[in-house]
Each structure stands twice: as C-alpha cells, then as structure tokens.
Amino acid sequence: MKRTRGRGRTRAGRHARPPKRALLSRFAVLSAAVVALSFVIPSGAATAKPKPSLEELSKQVEAMHTEIETLSEQYNGQREKLKNARRTAEQAKKVLATSEADLAAKRSRTRQLAQQEYMTGGLGHALAMMGADDPDGFLDRAATSYALQQEAGAEVNQVVAAMEQARKAKDEAKAHIDEVEKLVSDLDTKRDKIVDLVAKVESNLFRRAIGEAGRPGTRAQRVALPIAGEGKAAAAARWALSQQLKPYVWGAEGPSSYDCSGLVMAAYRRVGISLPHYTGSQWTAGRHISRDELRPGDLVFFYGDLHHVGIYIGGNMMVHAPRTGDVVRVASLVNRPFVGAVRVAD
C-alpha cells in the first residue's frame with residue numbers, strides 16, 4: 001500500500017511540472033519572437049535624429065527672423081489696404097443710401113403725376129369736349145393734362161435711370177464690403193503665422209542656441225550723434241535717434257515700441273509728413289536717390305522685396321528697428337543687402 005501511494009505522488013508530480021522538452025521548446029519560440037521584433041522595431045539609438053548644431057540653429061533663427069519681418073511688412077501693407085477699402089466701402093454705402101432715397105422720391109413724384117393725370121383726363125378728351133359749356137376751359141384742362149403726361153414721362157425715365165444707379169451703387173458697396181472681409185481674413189492668417197514664428201524664435205531652445213553661438217553684432221547702446229541739417233528730414237532723423245533702445249514689436253508704430261516701417265512713419269509724422277506704415281508704400285513716397293547722394297533723414301531700403309527700412313543719419317550709418325528680440329539702434333550700412341534710398345523731404 002505504501003508503495004502504491006508513493007507511485008501515485010510521483011505520477012502526480014510528473015503531471016504538475018512541464019517536461020524539459022516542453023520548456024526548451026517554449027524558450028526557443030520566445031527567442032525567435034524577440035529576434036523578429038528586433039528587426040521590426042529598430043532600436044532608439046539607431047533611429048534617433050542627430051541634434052542640430054549651434055550653427056544650424058542659428059541659421060534657422062536668421063531664416064525665421066527674415067520671414068517674420070517679411071510677413072510683418074506684408075501685414076502692414078494689408079492693413080493699409082484695409083484702411084482704404086473701409087473708407088471706400090463707407091463712401092459706397094453713402095452713395096447707395098443717396099441713390100435709394102433719390103429713387104424713392106422720384107417714384108413718389110411719378111405716382112402723384114399719374115394720379116393727377118387720371119383725375120384730369122379720366123373721361124377722355126372727346127367726351128369732355130362734347131359736354132363742355134366753355135371750350136376755352138376745356139382747352140386749358142387739355143393743356144394741363146398734356147403737360148402732366150409729358151412731365152410724368154420724364155419722371156418715369158428718371159426713375160428708370162435712378163433704379164439703375166441704385167443697382168450699381170448696391171453692387172459696388174457689396175464688392176467693397178467683400179474686399180474688406182477678405183482683407184480681414186488675410187490679416188488674421190498672417191497675424192497667426194507671425195505670432196507662431198515669434199513664439200518659436202523666443203523659445204528656450206533658440207534663446208539658448210543664440211546665447212551659446214554668440215549673436216551677430218554688439219549689445220545695443222544709446223549713441224549720441226550730431227545730425228547735420230535744419231530741414232524736416234534731419235529733424236526726423238534726430239527724433240528717430242531719440243527712440244533708441246525701445247523694443248522692436250511687429251506691427252507697432254510707437255510710442256513705446258516699433259517695427260522698421262513704424263519707426264519711419266512715426267519719425268516723419270513728428271515733422272508733419274504723413275507716410276503709410278508699409279515699406280512698399282514708403283519706397284514710392286519720395287524721390288529715389290543713389291547711395292552717393294545720401295544725407296540724414298533719407299530712407300534706406302534692404303532686400304529685394306523691400307521688407308526692411310531704416311533712416312540714414314550720416315557716416316554710412318542708420319537708425320532702425322531691426323527685428324524681434326532687438327531694440328531701436330544705430331547700425332552700419334556696410335555688408336547689408338542695400339537696394340536703394342528715397343528722399344522724402346529736404
């Protein structure tokens with residue numbers, strides 16, 4: 001009996017543990033799966049992209065700064081267009097209101113003439129002649145009726161013309177309103193893109209890269225320079241110098257911050273000259289001059305698309321609002337992509 005129980009335990013133990021062959025088989029399958037996965041899923045070290053160098057990051061920053069300023073001047077140009085479009089739309093609305101009021105008055109006058117014609121000539125001229133005791137009185141009434149007919153005909157023609165004018169005025173007003181709405185939509189799109197780019201430029205990653213790589217140029221310092229000349233141009237240049245160290249902010253036109261065309265606009269506004277807040281329009285705001293002719297107060301433009309402008313102060317130097325993260329400062333014209341200059345005033 002004891003042997004039998006012992007054998008029973010031995011058999012039970014054999015059934016409780018998997019045999020060695022089964023264990024080896026399972027281990028082989030698991031190993032094969034791991035090897036297969038290693039080919040399907042590459043290791044992190046093999047796929048990780050190399051970090052960009054400081055030089056690459058600096059180039060990205062420069063490219064973003066250029067895009068920000070280009071977009072900013074496009075934004076300024078769209079704002080100028082929007083101002084004009086809104087003025088035109090308001091004028092179109094006034095013309096429409098006047099046309100509709102004129103049309104309503106002419107229609108009312110035509111209705112009155114029709115009623116008078118009906119009352120004076122409703123029985124017919126022949127019947128009136130047969131029953132008239134006073135032929136002279138009939139002739140007077142007939143003349144009056146004829147005059148009313150002629151007047152009514154002229155009024156009808158005027159109403160038709162007024163209706164056409166009102167229709168045109170309505171179409172023009174709608175077209176201008178549609179233009180305003182499109183410009184507003186374009187502005188919103190550009191504004192969002194600029195804000196996104198500025199956020200990237202000012203992120204910790206790029207701040208650190210700029211700090212480590214060393215930003216081109218020196219730290220901005222207030223510079224006191226004598227400006228030759230007594231005219232409005234020299235006065236504008238002197239005032240622009242007084243704005244040194246105020247921050248660059250895209251779309252700003254003072255008094256606490258500026259972008260490049262905003263500084264120019266504010267400086268000339270100070271001396272009584274109105275300029276648009278847009279480099280493209282400032283480029284056509286005066287007489288084009290050569291680089292050899294430059295004198296204080298002239299506007300100096302850079303890059304093929306004219307997206308940057310400064311105010312010349314003499315000695316091959318200018319005062320300008322450079323870009324996001326910088327301040328109004330004095331800078332050299334040397335080694336810059338100069339494209340031309342404009343004299344706005346003497």
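The legends below accompany several close-up views of one predicted model.

**View 1. The six-stranded sheet and its edges.**
In this view, six strands form an open sheet in the order β1-β6-β2-β3-β4-β5, and their pairing is antiparallel. Strands β1 and β5 stand at the edges, where each has a single partner strand, so one side of each is left without a neighbour in the sheet. Ignoring direction, neighbouring strands of this sheet are turned by 40 degrees against each other on average. Within the sheet, β2 is joined by four bridges to the antiparallel strand β6, which covers residues 338-343. One of the residues to look for here is Val300, whose bridge partner in β6 is Ala341.

**View 2. Helices α8 and α9 against the sheet.**
Helix α8 lies across β3, β4 and β5 and runs at about 105 degrees to β3, whereas α9 lies across β2, β3 and β4 and runs at about 50 degrees to β3. Seven of the ten residues of α8 are buried, so this helix is largely enclosed by the rest of the structure. These buried residues are Ala233, Ala234, Ala236, Ala237, Trp239, Ala240 and Leu241, and they pack against α9 as well as against β3, β4 and β5. Helix α9 is mostly covered too, since nine of its eleven residues are buried, among them Cys260, Leu263, Val264, Met265 and Tyr268. Just after α9, the reader can find Gly272, which takes a positive phi of about 90 degrees.

**View 3. The aromatic pair Trp239 and Tyr258.**
Four aromatic pairs are found when the whole structure is searched, and this view shows the rings of Trp239 and Tyr258, whose centres are 6.3 Å apart and whose planes stand at 90 degrees, so the pair is edge-to-face. Trp239 belongs to helix α8 (residues 232-241) and Tyr258 to the loop between α8 and α9, so that the pair links distant parts of the chain, 19 residues apart. Trp239 is buried, with a relative accessible area of 16%, and Tyr258 also counts as buried, at 1% relative accessibility.

**View 4. The aromatic pair Trp283 and Phe301.**
Here the ring centres of Trp283 and Phe301 are 5.0 Å apart and the ring planes are at 85 degrees, so this pair is edge-to-face. Trp283 is found in the loop between α10 and β1, while Phe301 is in strand β2 (residues 299-302), and the pair links these distant parts of the chain across 18 residues. Phe301 counts as buried, with 0% relative accessibility.

**View 5. A charge over a ring, and a salt bridge at strand β6.**
The charged end of Arg291 sits over the ring of Phe338, at 4.7 Å from the centre of that ring. Asp298 and Arg343 form a salt bridge in which the closest N and O atoms are 2.9 Å apart. This pair links distant parts of the chain, with Asp298 in the loop between β1 and β2 and Arg343 in strand β6, 45 residues apart. Both Asp298 and Arg343 are buried.

**View 6. The salt bridge between Arg329 and Asp326.**
The structure holds ten salt bridges, one of which joins Arg329 to Asp326, with the closest N and O atoms 3.1 Å apart. Arg329 counts as buried at 17% relative accessibility, and Asp326 is likewise buried, with a relative accessible area of 12%.

**View 7. Helix α4, with Glu67 and His65.**
The side chain of Glu67 meets that of Lys193 in a salt bridge, with an N to O distance of 3.6 Å. Glu67 is in helix α4 and Lys193 is in helix α6 (residues 135-201), and the pair links these distant parts of the chain, 126 residues apart. Glu67 is partly exposed, with a relative accessible area of 31%, and Lys193 is partly exposed as well, with a relative accessible area of 43%. His65 also has its place in helix α4, which spans residues 54-121, but His65 is buried, with a relative accessible area of 5%. When neighbours within four places in sequence are left aside, His65 is in contact with Val201, Arg323 and Thr324.

Conventions
Residues numbered from 1 in each chain as written. Predicted model: local features only at pLDDT ≥ 70, side-chain atom pairs only at ≥ 80, totals over all residues. Heavy atoms only, no water. Phe/Tyr/Trp six-rings, centres within 6.5 Å; stacked < 30°, edge-to-face > 60°. Helix = DSSP H or I, 4+ residues; strand = E, 2+ residues; numbered from the N terminus. Buried < 20%, exposed > 50% of the residue type's maximum accessible area, 1.4 Å probe, protein only. Lys NZ or Arg CZ within 6 Å of the ring centre and 35° of its normal. Contact = heavy atoms within 4.5 Å. Pairing = 2+ DSSP bridges. Axes fitted to C-alpha atoms, helices over the stretch in contact; angles between N-to-C directions. Salt bridge = Lys/Arg side-chain N within 4 Å of Asp/Glu carboxyl O.
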